[in-house]
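Q: Could you take me through one part of this model in detail, the helix packing, and then the empty spaces in the fold? I would like to know which residues do the touching and which ones do the lining.

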Amino acid sequence: MKPPPKNFFSHLSLELGNLFFPPTCSICNAPNTDFLCKHCLGLLQQSCYPHGHFISRFGDLVFCSSRYTKEASLLIASLKYHRNYPAAQWIAKLIYPLLESTIPYSRLQDSVFIPVPLSLQKKFSRGYNQCELMVDVLSRMTGLPKDFQSLKRHTIFVDRDQIGRSRKERENNLSCQFEWVGRKTYPSVLLIDDICTTGKTLFECRQAIQKSNPQCFVQPIVFAHPEG
Ligand SMILES: [Zn+2]
């Protein structure tokens with residue numbers, strides 16, 4: 001009797017897995033053999049952010065790939081809360097054309113990717129930073145370096161009296177502070193986040209980077225932003 005082919009058992013376990021848990025689209029859950037069905041991928045590709053950028057409430061020019069549609073929000077949520085790691089690849093693939101079309105090559109080749117960091121508490125409870133996963137893919141796609149260590153986030157309470165406050169009030173009472181703890185300086189940083197609402201986080205990150213690296217050019221880049 002011939003021995004089974006080399007990948008026989010891995011194929012068998014995949015087939016059995018597919019039998020009991022048929023693959024579905026990560027956004028709409030329709031039966032599908034790919035991570036996203038054609039319909040959802042089409043909707044994501046059509047939801048390009050107008051002109052690829054916006055000015056945040058804090059005055060930063062932010063490059064943005066997608067409008068914050070239902071599909072974009074579900075893709076982010078699947079990565080952020082459901083450990084659906086391949087979503088990082090799809091988000092990075094949607095961001096990538098933006099890098100090529102908006103950033104001059106001379107600047108791009110001097111740049112380093114830095115993800116917006118999570119606080120230690122949040123990274124510990126979630127187990128990973130979804131922006132680091134996105135940066136891993138973008139760094140592989142472009143060949144540009146990445147730095148996960150130099151920018152740190154501290155989450156502090158504005159005051160200590162949280163008893164009797166609603167969850168929303170308690171969250172509003174948090175202040176995010178960032179600090180550059182790295183020894184290196186960079187001429188250009190591509191600051192990556194999954195979603196931007198007001199732009200406060202990106203602004204605070206840029207301030208922290210430029211406090212220690214005044215000459216550093218910081219370009220915030222996000223996957224999604226609610227238009228208008
Ligand atoms: Zn779908």
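A: Happy to. In this predicted model, Ala 88, Gln 89, Ile 91, Ala 92, Lys 93, Ile 95, Tyr 96 and Leu 99 of α4 are in contact with Leu 133, Met 134, Val 137, Leu 138, Met 141 and Thr 142 of α7. Sorted by class, this contact has 11 nonpolar, two polar and one charged residues. Helix α4 spans residues 86-102 and helix α7 spans residues 130-142; they pack at an angle of about 50 degrees, and their axes are 9 Å apart. An angle between 35 and 65 degrees falls in the oblique class, and α4 and α7 are therefore oblique to each other. Their crossing is right-handed.

Helix α4 has another partner to look at: α3, residues 70-81, packs with α4 at an angle of about 135 degrees, with the axes 9 Å apart. That angle makes α3 oblique to α4. Here the crossing is left-handed. On the α3 side the contact uses Leu 75, Ile 76, Ser 78 and Leu 79, and on the α4 side Ala 87, Ala 88, Ile 91 and Leu 94. Seven of these residues are nonpolar and one is polar, with no charged residue in the contact of α3 with α4. If you are tracking individual side chains, Ala 88 and Ile 91 are worth selecting in your viewer: they are listed in the contact of α4 with α7 and again in the contact of α3 with α4.

Now for the empty spaces. Rolling a probe the size of a water molecule over the atoms shows where empty space is left. The count comes to one cavity of 30 Å³ or more, and the largest cavity has a volume of about 30 Å³. Its lining consists of Ile 114, Pro 115, Pro 117, Asn 129, Glu 132, Asp 147, Phe 148 and Leu 151. By class, that lining has five nonpolar, one polar and two charged residues.

Pro 117, part of the cavity lining, also appears in the second largest pocket, where Pro 117, Leu 118, Leu 120, Lys 152 and Arg 153 lie nearest the centre among 15 lining residues. The elements giving two or more residues to this lining are α6 (120-126) and β4 (151-157). Strand β4 gives the most, with five residues. The volume of the second largest pocket is about 240 Å³, and its lining divides into five nonpolar, six polar and four charged residues.

Key:
Residues are numbered from 1 along each chain as its sequence is written. This is a predicted model: local features need pLDDT of at least 70, side-chain atom pairs count only at pLDDT 80 or more; totals for chains, interfaces and linings use all residues. Side-chain values use heavy atoms; hydrogens and water are left out. On a 1 Å grid over the protein atoms alone, a cavity is a set of points where a 1.4 Å probe fits but cannot get out, and a pocket is an open set with protein on both sides within 12 Å along at least five of seven lines; lining residues have an atom within 4 Å of a point. Grid points are joined across faces, edges and corners, and a volume is the space filled by probe spheres set on the points. Helices (H or I, at least four residues) and strands (E, at least two) are DSSP runs, numbered from the N terminus. Ala, Val, Leu, Ile, Met, Phe, Trp, Tyr, Cys and Pro count as nonpolar, Asp, Glu, Lys and Arg as charged, and the others, Gly among them, as polar. Axes are lines fitted to C-alpha atoms, for helices over the stretch in contact, and angles run from 0 to 180 degrees between N-to-C directions. Angles under 35 degrees count as roughly parallel, over 145 as roughly antiparallel, 65 to 115 as roughly perpendicular and the rest as oblique. A crossing is left-handed if the near helix is turned anticlockwise from the far one by less than a right angle, and right-handed if clockwise. Contact means heavy atoms within 4.5 Å.
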